[in-house]
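Grab a pencil and work through these exercises with the model open beside you. Try each task on your own before you read the solution.

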Amino acid sequence: MKRVVANSSPLIYLSKVKALHLLFSIYEEVLIPSGVYNEVVAKGLEKGYEDATVVKNAVEKGLIKVCDVPRERVTRLLKIFPELDWGEGETLALASSLKLQHVLVDDILARRVASMMGLKPHGTIYIIIVAARRGIITSKEALKLLDELVERGFRISIEVYIRARKILKRF
């Protein structure tokens, strides 16, 4: 069973571009820490964000499972890597405690820490590329999603954007 622990950014941005379903096409089980749920859903609903409702509905349908992470594990990790935010710390601690390899984080520092912990970090762009590679979406749809992400405020370097476009044009 391919399982993944997701941080807030992939959930938010895939929801913004109406592509959260891709996550469930790639992974059999999507887990999020309770802090990520609070950040994405509780705070998002307070601010009236549509993506918060999308994630909330996915949780209610059982497509995303919310898990508690022992506070001590997160605190210990954040003492070692204080540059991480709480949600990233929870995400990495949850993946580590469940002995899962895959973790979805977009932040470059969180990815580096994940790799140092023996995890396999991926992000939002990875989900789109894998979906196109597997034929879940067409190359044209994937390229459109990439552009929509940028339009919706997804931060990506020009180098990563160009590389992703080149990869997506191959499918």
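## Exercise 1: Placing E28

Find the place of E28 in the chain, and decide whether this residue is buried or exposed.

*Solution.* Start with the location: E28 sits in the loop between helix 2 and strand 2 (29-33). Keep in mind that you're looking at a predicted model. Next, take the relative accessibility of E28, which is 59%. Exposed means over 50%, so E28 counts as exposed. As a last step, look across to R170: E28 and R170 are 142 residues apart in sequence, and their C-alpha atoms are 26 Å apart in space.

## Exercise 2: The whole chain

Work out how the radius of gyration of the protein chain compares with the globule rule.

*Solution.* First, take stock of the parts: the protein chain has 10 helices and five strands. Its radius of gyration is 15 Å, and the globule rule gives 16 Å for 171 residues. Those values are close, so the chain is as compact as a globular protein of that length. Now add some context. The C-alpha atoms fill a box of roughly 45 × 35 × 30 Å along the principal axes. Of the 171 residues, 50% are buried. And if you take the contacts with a separation of 6 or more, 64% of them come from residues 24 or more positions apart.

## Exercise 3: Into the core

Which residues have the most contacts inside the largest nonpolar core, and which helix gives the most to this core?

*Solution.* Begin with a rule of thumb: in soluble globular proteins, nonpolar side chains tend to be buried together. Here the largest nonpolar core has 41 residues, and L11, L23 and I64 have the most contacts inside it. Helix 8 (residues 124-133) gives the most to this core, with seven residues. Now zoom in on L23: leaving out residues up to four places away in sequence, L23 touches L11, L14, V30, L104 and I127. Finally, there's a second, separate core of 20 residues, and its members include C67, V69, L84 and A110.

## Exercise 4: Two residues to sort

Sort S9 and R155: which is buried and which is exposed?

*Solution.* Take S9, in helix 1 (residues 8-16). Its relative accessibility is 18%, and buried means under 20%, so S9 counts as buried. Beyond its neighbours within four places in sequence, S9 is in contact with D106, T124 and F154.

Now take R155, in the loop between helix 9 (139-151) and helix 10 (158-169). At 80% relative accessibility, R155 counts as exposed. R155 and S15 are 140 residues apart in sequence, with 15 Å between their C-alpha atoms in space.

## Exercise 5: Positive phi

Find where K18 and K99 lie, and state the phi of each.

*Solution.* Recall that most residues other than glycine have a negative phi. K18 is in the loop between helix 1 and helix 2 (21-26), and its phi is near 55°, a positive value. K99 is in the loop between helix 6 (86-97) and strand 4 (102-104), and the phi of K99 is near 55° too. To finish, check the accessibility. K18 has 59% and counts as exposed; K99 has 73% and counts as exposed.

Terms used
Residues numbered from 1 in each chain as written. Predicted model: local features only at pLDDT ≥ 70, side-chain atom pairs only at ≥ 80, totals over all residues. Heavy atoms only, no water. Helix = DSSP H or I, 4+ residues; strand = E, 2+ residues; numbered from the N terminus. Rg over C-alpha atoms; globule rule 2.2 N^0.38 Å. Buried < 20%, exposed > 50% of the residue type's maximum accessible area, 1.4 Å probe, protein only. Contact = heavy atoms within 4.5 Å. Core = buried A, V, L, I, M, F, W, Y, C linked by side-chain atoms within 4.5 Å.
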